[in-house]
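Q: Hey, can you walk me through this protein? I'm new to reading structures, so keep it plain.

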Amino acid sequence: MSAEDLLIHCEISQLEKVFAEKLRDPFSVIVEAEYLHHKGQYEQSINLVKENLKIGSPYRAEALVITGYDLLYLSREEEVASILDQIRSIEAFLTPRYQIEFKILEVTHAMFTGEFDRSGGILIGMIDNLPESSYSQGRILHTYGLNLHFQGKYMDALKYYHDALLKFETIGNHIYAARSIHNIASIYAHQGKIEDALLLYEDEISRLETLGMDYIIGLALTDVGNAHFIQGRYQQAKEVCIRSNELLRHPGGSLVDLIENSVILIQAMIELGEIDETKVILEEMEEIFKDHQSKKWYPYYKLAKALVLHSTGRTREKADAITLAEEILSAPMIDIDNYTLTLRYMIRFLLEEYRSYQHPQSLIDIDAFIDIFLDTAEQGEASSYIPEFHLYKGVTSIIDGHYEKAEILLMQALLSARDQKLDHLSRLISVELDKLPSGEDGENTEPPSIEEWQSTLERVSTYNRDQDIPKEVPVTFFMVNKNGNLLYSQEFTGKTTVELNLMANFISAVHSFAHQTFSESGTLERIKHGSYTILLNEINQLIIGYVFEGPMYHAIRKLGDFVKRLNEKSEFWDELDPYEITPTSISILNQLVEQAFPN
């Protein structure tokens, strides 16, 4: 096998033996430079080419391609533009594989500078004329996925990443297979599939460990830290990012690769209350950009600065933070991830501003930014932040006194947050729902006082702080059919007579409620009945109800657990009679209630 074939098939041990030989052909130097690039040793790759391949040397064009990639990942975009011009003058001398790599370099440079129309046009031409080589096919498909990914077109990007992964797996190229897996995991995280994303990151890191690519593992760990942050595991996010930071600091790497890591680390530290430590990280980021401002990465620094300024609590710094966020959002969008993250914090900044000054324009701006985000997220099918934005929309409805609308939005937010295992966010949303009037109570309630909605905004602006929510007091569990006929019930308090008297009222409330709701199976609804809360879940023409007093946070989890267990009991559904529950079914329900609602 040639050195090039060894690299393509990831025969790393044999490849390193070739590199150790004293007498080497010039092309093996190119391959070694490419290998160093894959390991994140960009400066070493550049120096190797400089020392061994002068102007006029064989494979000079290929050497320039590798150097172009190194400079791009060092965020030296202007030098890359110069390299591309040089290659164009000698493009005819490139080997077939490096002709493809040159085009991909040109495309990636366009993506990094926000020229998506240009990059997309080149890639479409390449897709229409795929080469025979599986490796080059995989590279083109992967890059097309990246181009879509950068623009937030996640579902389309996933298709090309999966196609590329299949090509790389076929030829045993674990380097690019790992990159495809990484990008698939990144999209899963944005879609709220955090656990699936973490499993893929684990697979990626395992592959990279066998290849000895610690630097690339550092890049993977950055996204692992972000996944933990999304789920509210701030200490874990911080620890993972610190480990990532250590791996990314080896000589010859790109300090720019620390930028995304630093933003996640700053967010985690702010949520942990470690404000002073964030200023040290921000100073390091400022040093990275003192000589040039990368179009792709400089907005990350601006967001980090906005977060640190806002966390000081001082009025002037908060205003400066909003200005920085506005600059990011008004500039041409190059990175959908940073754009979305900035939108999220902009809304939080404005909510806090409204709490302090009650300026009507702030609410108008908040609604506008929420609509922008939801439109952006829905186009890319990214859902990890959608629960939070429904929460914000619900909060603005509370301020306006539109409680019915607020309840719908908050229930949507809660169910979505629960499905995504966003425990920290679920806690806050459930607290707001507990404080919200419902049904007839809500219709006859005056709009909240300034003190009331200021309290709401204060809770929301610090939503990531852990809240110790007490458990609810269980009262009754019941099951009725669509006609409101009671099929099964179980009382939890021991006050059977009292509960049976209440049951008629509960059933009456459910009966009238069911005619105007439950548009689809699985919908969760809430009714307030005096001091009681009734959670309802419609499943296969049955309405399941859980009545309790107190907070709803743990109650929702318990009812969800029951519904999941019941769905899995085929023997219950096989003999289901919508008008009568058999002794076998009662036995099954008793067992499931005991499991889902333990004393």
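Q: Let's jump straight in. Is Arg97 buried or exposed?
A: Arg97 is buried. Its relative accessible area is 10%, and the cut-off for buried is under 20%, so Arg97 falls inside it. Keep in mind that this is a predicted model.

Q: Which residue does Arg97 form a salt bridge with?
A: Glu4. The closest N and O atoms of the two are 2.5 Å apart.

Q: Where do those two sit in the chain?
A: Glu4 is in helix H1, residues 3-8. Arg97 is in helix H7, residues 96-112. They are 93 residues apart, so the pair links distant parts of the chain.

Q: And Glu4, buried or exposed?
A: Glu4 is buried, with a relative accessible area of 18%.

Q: Why would such side chains pair at all?
A: Side chains of opposite charge can pair when their charged atoms come close.

Q: How many salt bridges are there?
A: The count comes to 27.

Q: Give me one within a helix. What does Arg88 pair with?
A: Arg88 forms a salt bridge with Asp85. Their closest N and O atoms are 2.6 Å apart.

Q: Why are Arg88 and Asp85 separated by about one helical turn?
A: Because they are three residues apart in helix H6, which covers residues 77-89. Arg88 counts as partly exposed, at 34% relative accessibility.

Q: What network are those two linked in?
A: A network of salt bridges. Asp85 and Arg88 are linked there with Lys103, Glu106 and Arg118.

Q: Got another pair? What about Glu246?
A: Glu246 forms a salt bridge with Arg243, with the closest N and O atoms 3.7 Å apart. These two are three residues apart in helix H14, residues 234-247, so about one helical turn separates them. Arg243 counts as partly exposed, at 43% relative accessibility.

Q: OK, big picture. How many helices and strands are there?
A: The protein has 29 helices and five strands.

Q: How much of the protein is buried?
A: Of its 599 residues, 58% count as buried. The protein exposes about 25,700 Å², and carbon and sulfur atoms supply 49% of that.

Q: What about contacts between residues far apart in sequence?
A: Take the contacts with a separation of 6 or more. Residues 24 or more positions apart account for 62% of them.

Q: Back to the strands. What order do they take in the sheet?
A: The order is S2-S1-S5-S4-S3. It is an open sheet with antiparallel pairing.

Q: Which strands stand at the edges?
A: S2 (486-491) and S3 (524-529). Each has a single partner strand, so one side of each is left without a neighbour in the sheet. Neighbouring strands are turned by 20° against each other on average, direction ignored.

Q: What holds strands together in general?
A: Strands of a sheet pair through backbone hydrogen bonds.

Q: Now S1. How many bridges join S1 to S5?
A: Eight. S1 is residues 473-481 and S5 is residues 542-549, and they run antiparallel. S1 also pairs with S2 in the antiparallel sense, over five bridges.

Q: Which residues face Phe477 on each side?
A: In S5, the bridge partner of Phe477 is Tyr546. In S2, Phe477 stands opposite Gln490.

Q: What about the turn between S1 and S2?
A: That hairpin has four residues between the strands. Gly484 there takes a positive phi near 85°.

Q: Which helix lies across S1 and S2?
A: Helix H29, residues 583-596. It runs at about 35° to S2.

Q: Let's try S4. Is Thr533 buried or exposed?
A: Thr533 lies in strand S4, residues 532-539. Thr533 is buried, with a relative accessible area of 2%. Setting aside residues up to four places away in sequence, it touches Arg526, Ile527, Lys528, Tyr546, Val547 and Phe548.

Q: New spot. Where does His292 lie?
A: In the loop between helix H16 (275-288) and helix H17 (298-311). His292 counts as partly exposed, at 28% relative accessibility. Not counting residues up to four places away in sequence, His292 touches Leu74 and Ser75.

Q: Last one. What pLDDT does the protein average?
A: The average is 84, and 87% of the residues score at least 70. Over residues 440-444 the pLDDT is below 50. Beyond near neighbours in sequence, that stretch has three contacts in the model.

Technical notes. Residues are numbered from 1 along each chain as its sequence is written. This is a predicted model: local features need pLDDT of at least 70, side-chain atom pairs count only at pLDDT 80 or more; totals for chains, interfaces and linings use all residues. Side-chain values use heavy atoms; hydrogens and water are left out. Buried means under 20% relative accessible area, exposed over 50%, partly exposed in between (1.4 Å probe, protein chains only). Contact means heavy atoms within 4.5 Å. Accessible areas come from the Shrake-Rupley method with a 1.4 Å probe; for residues, only the protein chains shown count as cover. Two strands pair if DSSP finds at least two bridges between them. Axes are lines fitted to C-alpha atoms, for helices over the stretch in contact, and angles run from 0 to 180 degrees between N-to-C directions. pLDDT is the predictor's confidence in each residue, from 0 to 100. A salt bridge is a side-chain nitrogen of Lys or Arg within 4 Å of a carboxyl oxygen of Asp or Glu.
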